[in-house]
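Trainee: Please take one part of this model and examine it closely, then follow its contacts into the rest of the fold. I would like a connected account rather than a list.

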Amino acid sequence: MQDAIIIGGGISGLTAGYLLQQRGLDISVIEKGPTPGGPIQSVKQEGFLFEKGPNALLLPSQWVEQFIDELGLSTQLQESNPNAAKRFIVRNNRPVAVPGSLLQAVATRLFSLKAKLGFLGEPFRKRISEEDAKFETVAQFVQRRMGLEFLDYAINPFVSGVYAGDPEELILEHAFPLVRGFERDDGSIIRGAIQNKKRQKAAGTSYKKRSISFKEGLHALPQTLGRKLGNRLWLDSEVVAINQNDQGWQVTWKRDGENFEGFAKKLLVCLPSRAIKKLAWPQAIKEHLSSTPDLPYPTVHSLALGYRRDQIAHPLDGFGVLVPSKEDPNILGVLFSSDLFSGRAPDDHCLITVMIGGRQRDDLANLAKEALIELAAKDLDKLLGVKGAPCFSHLTTWPRAIPQYTKAFGPWKRTLAEIETDNPNIAFGGHAIDGIAMGASIQSGKRLADETA
Ligand SMILES: Cc1cc2nc3c(=O)[nH]c(=O)nc-3n(C[C@H](O)[C@H](O)[C@H](O)COP(=O)(O)OP(=O)(O)OC[C@H]3O[C@@H](n4cnc5c(N)ncnc54)[C@H](O)[C@@H]3O)c2cc1C
């Protein structure tokens with residue numbers, strides 16, 4: 001009988017497993033894929049180092065920074081290039097830098113004078129009732145508080161970049177709870193953001209978030225956790241059945257066609273929502289889960305493209321460019337990968353990563369590589385002055401990339417909480433419940449470990 005079995009060896013499950021092991025508990029982590037870390041996969045090919053999934057980890061807290069240090073990864077850590085603070089959004093077919101200061105905000109071509117004046121009125125707009133706020137979409141909220149132009153040219157591309165999502169269907173309270181809190185507690189986003197900074201300063205919890213990676217790419221983090229877990233991490237192992245008895249849980253997994261069994265007092269589940277629903281649970285849990293709809297996960301194509309530097313007119317001096325749906329694009333955006341972190345491309349070359357698909361372009365989900373490169377080429381030429389064919393290309397398609405915290409999220413979260421209440425020795429974590437960024441999943445793993453030991 002082990003202390004815990006963790007199902008799912010993405011970054012949340014690995015973090016929970018590692019922390020529990022450090023605290024002297026006997027655990028196993030069961031992961032379906034051949035490598036630890038889910039979509040966090042870095043690949044070196046033809047002199048390019050590219051990411052198949054996430055490109056940068058936004059450090060969310062001092063604790064995550066310490067965690068990386070404790071794992072011995074500080075010497076491999078790469079800070080993003082200072083240029084990365086600059087982000088571009090397309091307006092009238094041209095990338096415009098997002099203003100980084102008040103002066104730039106006044107001068108920017110990204111918003112009309114009317115939109116800028118409308119934004120200044122934000123602190124004076126009325127808040128809505130708690131009841132109405134529960135169902136308010138991101139689009140409704142932004143339009144109500146800041147106006148349509150701000151929705152179209154700031155929030156729509158931002159939501160594409162973070163969620164590959166649609167602001168018309170994400171619920172603010174679930175997708176951006178901090179912003180919801182600003183209106184609820186301080187009556188305004190602007191006031192709330194200022195108050196929040198003050199509160200953090202007073203509590204000594206201010207932390208300046210930074211985007212980082214590692215010299216060998218982001219997968220250094222899950223690979224290191226995997227090595228530390230040693231033979232307690234089962235790769236290529238899909239959980240096929242879960243049974244409950246007096247002492248705890250019996251978990252069955254399949255590896256190379258053979259069934260293995262483990263017994264544990266506690267079960268930690270760090271899986272995508274559909275995988276949670278598909279597990280062979282005891283009848284009561286199965287029924288409970290079948291009463292709630294699954295979360296939507298759109299398809300996202302991540303296209304890594306290498307070019308000679310002289311093929312691109314734009315200086316690529318920033319994090320990347322996002323394209324609002326108003327501009328009728330083929331692509332969601334482009335990351336300037338080799339400008340973001342060094343060592344990503346051979347001399348005189350550059351690497352860019354083009355994201356295509358997402359919730360607003362489901363129609364592109366089934367396109368093959370050549371068609372996607374052709375589609376991307378049109379936007380890349382128009383927006384960045386990219387000429388000619390890439391000298392390197394790699395496509396990764398994620399058929400279910402990122403969960404959308406839509407109106408399905410409330411009932412989904414409630415169902416998981418009820419299952420936890422009925423079964424105190426089970427807990428859920430990871431992106432299907434605790435936030436969709438890598439940093440949120442790392443903190444989710446810590447939460448599970450803290451609640452377990
Ligand atoms: C294309 C893309 C780009 C992204 N870009 C960024 C970014 O730049 N920055 C950022 O912060 N985040 C980004 N993200 C999100 C980030 O990757 C996730 O938030 C994070 O990796 C989620 O970790 P997790 O542990 O919660 O879930 P997952 O990584 O999904 O882990 C779940 C694991 O469970 C395994 N599994 C499934 N079913 C079973 C089963 N039956 N038995 C055993 N194992 C099973 C899966 O193989 C998987 O490894 C991106 C995601 C994608 C797809």
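Mentor: Two strands are taken to pair if DSSP finds at least two bridges between them. Helices (H or I, at least four residues) and strands (E, at least two) are DSSP runs, numbered from the N terminus. The model is predicted, so local features need pLDDT of at least 70 and side-chain atom pairs count only at pLDDT 80 or more, while totals for chains, interfaces and linings use all residues. Residues are numbered from 1 along each chain as its sequence is written, and side-chain values use heavy atoms, with hydrogens and water left out.

I shall begin with strand E12. Of the 7 residues in E12 (residues 249-255), 5 are buried, so the strand is largely enclosed by the rest of the structure; buried means under 20% relative accessible area, exposed over 50%, and partly exposed in between (1.4 Å probe, protein chains only). On one side, E12 pairs with strand E11 (residues 238-244) in the antiparallel sense over 6 bridges, and Thr252 of E12 stands opposite Ala241. These two strands make a hairpin with 4 residues between them, and Gly248 in that turn has a positive phi of about 160 degrees.

E12 is also joined to E13, by 7 bridges in an antiparallel arrangement. Here Lys254 faces Asn259 of E13. The hairpin of E12 and E13 has 2 residues between the strands, and Asp256 in the turn takes a positive phi of about 50 degrees. Asp256 is a residue other than glycine, and at 74% relative accessibility it counts as exposed.

Ala164 offers a second case for comparison. Ala164 likewise has a positive phi of about 50 degrees although it is not a glycine. It is found in the loop between H7 and helix H8 (172-175), and it is buried, with a relative accessible area of 6%.

From E13 (258-269), the path leads to helix H17. The buried residues of H17 pack against E13, and also against H1, strand E5 (57-58), helix H2 (62-70), helix H11 (220-229) and strand E19 (426-428); contact means heavy atoms within 4.5 Å. Met438, Gly439, Ala440, Ser441, Ile442, Ser444, Gly445, Leu448 and Ala449 are the buried residues in question. The length of H17 is as expected: at 1.5 Å a residue, its 15 residues should span 21 Å, and its end C-alpha atoms are 21 Å apart, which agrees. The expected span is 1.5 Å times one less than the number of residues.

Helix H1 (residues 11-22) packs on H17 (residues 438-452) at an angle of about 35 degrees, with the axes 7 Å apart. Axes are lines fitted to C-alpha atoms, for helices over the stretch in contact, and angles run from 0 to 180 degrees between N-to-C directions. H1 contributes Ile11, Ser12, Thr15, Ala16, Leu19 and Leu20 to this contact, while the residues from H17 include Ser441, Gly445, Lys446 and Thr452. By class, the contact has 8 nonpolar, 5 polar and 1 charged residues. Ala, Val, Leu, Ile, Met, Phe, Trp, Tyr, Cys and Pro count as nonpolar, Asp, Glu, Lys and Arg as charged, and the others, Gly among them, as polar.

Elsewhere in the model, an open sheet of 7 strands has the order E8-E7-E15-E16-E17-E14-E18, with mixed pairing. Strands E8 (94-97) and E18 (392-398) stand at its edges, each with a single partner strand, so one side of each is left without a neighbour in the sheet. The twist averages 25 degrees from one strand to the next.

At one edge, E7 and E8 run antiparallel and are joined by 4 bridges, with Val90 opposite Pro95 in E8. Their hairpin has 2 residues between the strands, and Asn92 takes a positive phi near 50 degrees. At the other edge, 7 bridges join E14 (residues 300-308) to E18, again antiparallel, and Ser302 has Thr396 as its bridge partner in E18.

Two helices lie across this sheet's strands. H7 (residues 148-163) crosses E7 (87-91) and E15 (320-322), running at about 125 degrees to E7. H15 (residues 369-384) lies across E7, E8, E14, E15, E16 (333-335), E17 (349-357) and E18, running at about 60 degrees to E14.
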